[in-house]
Structure formats: C-alpha cells, structure tokens
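User: Can you walk me through some salt bridges and a helix here?

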Amino acid sequence: MKRSITAMVLLTLTALYGCQSKIEKQQKAVKPEQASTHKAAVQKKKKQLAHTTQMTFIKYADDGDYFQLIAHRGDSTFSFIAETDINGRLNRGDQIQISWKDGTVTIPGDDDVETPARLLLHIKKIGNGPVSMFRMAYDKKLKYTWPTDENFTSSYLDKLYLLIEYYLSKTSNSLLQLAIKNQDQLTYSIESKERNSRNYRVIGIAPIGPNGAKVVQWLYIDDEEDDQIYEYDLGEDRLVPFE
C-alpha cells in the first residue's frame with residue numbers, strides 16, 4: 001500500500017514538473033515576440049514624435065527670443081525653433097530635408113506662457129538654390145554705399161546684402177545678366193524713401209564700368225512686409241512684386 005501511494009505521489013510530481021516545464025518553454029517562446037512587439041511600438045512612437053520632409057529654405061531669423069529657420073513647402077511657410085544659431089550654412093532657395101518634433105517654447109515677459117512650436121532636430125541640404133548657383137557663377141563680392149546720416153546696423157546691412165544676392169540670382173534684367181556673365185563689379189546704393197505713405201528701402205544696382213557706375217535697376221524693399229522686393233517700373237511709375 002505504501003509503495004502504491006509513493007508511486008502515485010511520484011506520478012503527480014512528475015506531471016506537475018512536466019506542466020511547469022511546458023509553461024516555461026511557452027513563456028520563453030513568447031518573450032522574443034513580446035520584446036519585438038515592444039521594440040516596434042517604441043520605434044513607432046518615436047516616428048510619431050518626429051516629422052521629416054523636404055522644403056525650400058528661405059532665411060534665418062535671429063532677431064527674436066529664439067533662433068528660427070524659415071522654410072516653405074508649396075504655398076505654405078513654416079518656422080522652426082533651433083537651439084543654436086545655424087546661420088551661414090544655407091542660402092535662400094536651397095532644397096533641404098528637415099526633421100522636427102512638435103513641442104513648446106516659453107515667451108519671456110508673457111507670464112512664461114508656453115506656446116506651441118516646431119523644434120528643429122536635423123537639417124540637411126539636398127540641392128542648390130539660385131543663390132548658391134549665383135555664388136558659383138559670380139565670384140566677386142558686391143559693393144554697396146549708403147548716406148552718412150543713415151545709421152544702419154551691420155546685421156541689417158548683411159540682411160540687405162542677402163536680399164540683393166537673391167534678386168541678382170533670379171533677375172531678368174539683361175544688363176545685369178550680362179554684367180554677371182562678364183564678371184563685372186556690381187555695386188548698389190541704399191537710401192530710404194516714402195511712397196504712397198509707406199516707407200521703403202530703395203536700392204540702386206549698377207555695374208561698374210570704365211565710365212563709372214550707372215544704375216540699371218531700382219528696387220524697393222518693404223521692411224514692414226517681410227522684406228518683399230519690388231522692381232521699379234520707371235515708364236509706368238509703379239512697383240512690380242518680385243518673387
């Protein structure tokens with residue numbers, strides 16, 4: 001009788017051990033799959049946090065509380081907050097691949113209110129725009145002059161320089177196109193003028209030749225309209241938007 005009981009106990013323990021072993025094997029078999037699923041979920045979440053697309057670079061803006069990069073895609077313009085100043089790496093019109101995530105920034109002096117913002121993660125140039133092509137074709141620095149009673153800052157003069165470069169890279173003025181092709185020295189004057197109760201920065205662009213410099217194109221730049229450039233049509237006495 002004791003032997004019978006002992007045998008039954010042994011059989012029960014063996015069965016329990018077998019079940020436990022089977023469960024452990026099943027758990028071990030599931031764990032890699034669970035780990036893979038978890039990893040995929042984490043990667044998916046990361047992808048949801050980051051956005052990547054191609055855009056056209058417009059400009060840097062460093063005159064506010066944060067460094068900003070401005071770019072457009074289609075008819076829409078976007079601004080991105082950068083942690084550090086990245087000025088100088090890109091030219092207007094360059095094609096870029098840009099990655100960002102949605103976040104917030106705090107506006108100083110506004111009760112530290114958090115405002116939604118696109119936070120720049122990575123940027124890569126993938127194609128030359130008109131200014132980059134212009135710089136490769138025209139290897140001279142532009143010269144410029146302004147009245148002594150105008151107190152322009154160096155940063156503002158730099159901004160104007162980039163705008164004039166952009167204009168020259170896309171101009172249809174045949175005299176300017178020829179001057180660029182011949183590597184003639186180009187210069188421009190800067191003055192302020194009011195037109196129709198609106199203030200403009202007026203630019204006179206001139207190639208420098210044997211007989212001096214003669215303005216062949218007048219531009220009006222509207223500082224209050226996000227630096228919109230206008231060509232001055234002398235015959236019609238009107239401003240023509242330049243894109």
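Analyst: Sure, terms up front: a salt bridge is a side-chain nitrogen of Lys or Arg within 4 Å of a carboxyl oxygen of Asp or Glu. This is a predicted model, where local features need pLDDT of at least 70 and side-chain atom pairs count only at pLDDT 80 or more, while totals for chains, interfaces and linings use all residues. Residues are numbered from 1 along each chain as its sequence is written, and side-chain values use heavy atoms, leaving out hydrogens and water.

User: Which residue forms a salt bridge with Arg201?

Analyst: Arg201 sits in strand S8, and its partner lies in the loop between S10 and S11, 22 residues apart. (Strands are DSSP runs of E, at least two residues, and helices are runs of H or I, at least four, numbered from the N terminus.) The N to O distance is 3.1 Å, and the partner is Asp223.

User: Is Asp222 buried or exposed?

Analyst: Buried means under 20% relative accessible area, exposed over 50%, and partly exposed in between, using a 1.4 Å probe and protein chains only. Asp222 pairs with Arg198, with the closest N and O atoms 2.5 Å apart. Arg198 is partly exposed at 31%. Asp222 has 0% relative accessibility, so it counts as buried.

User: Why are the buried residues of H2 on the same side?

Analyst: In helix H2 (residues 130-137), the buried ones are Val131, Ser132 and Phe134. The arc is taken from the directions from the helix axis to the C-beta atoms. They are on the same side of H2 because they cover an arc of only 160°.
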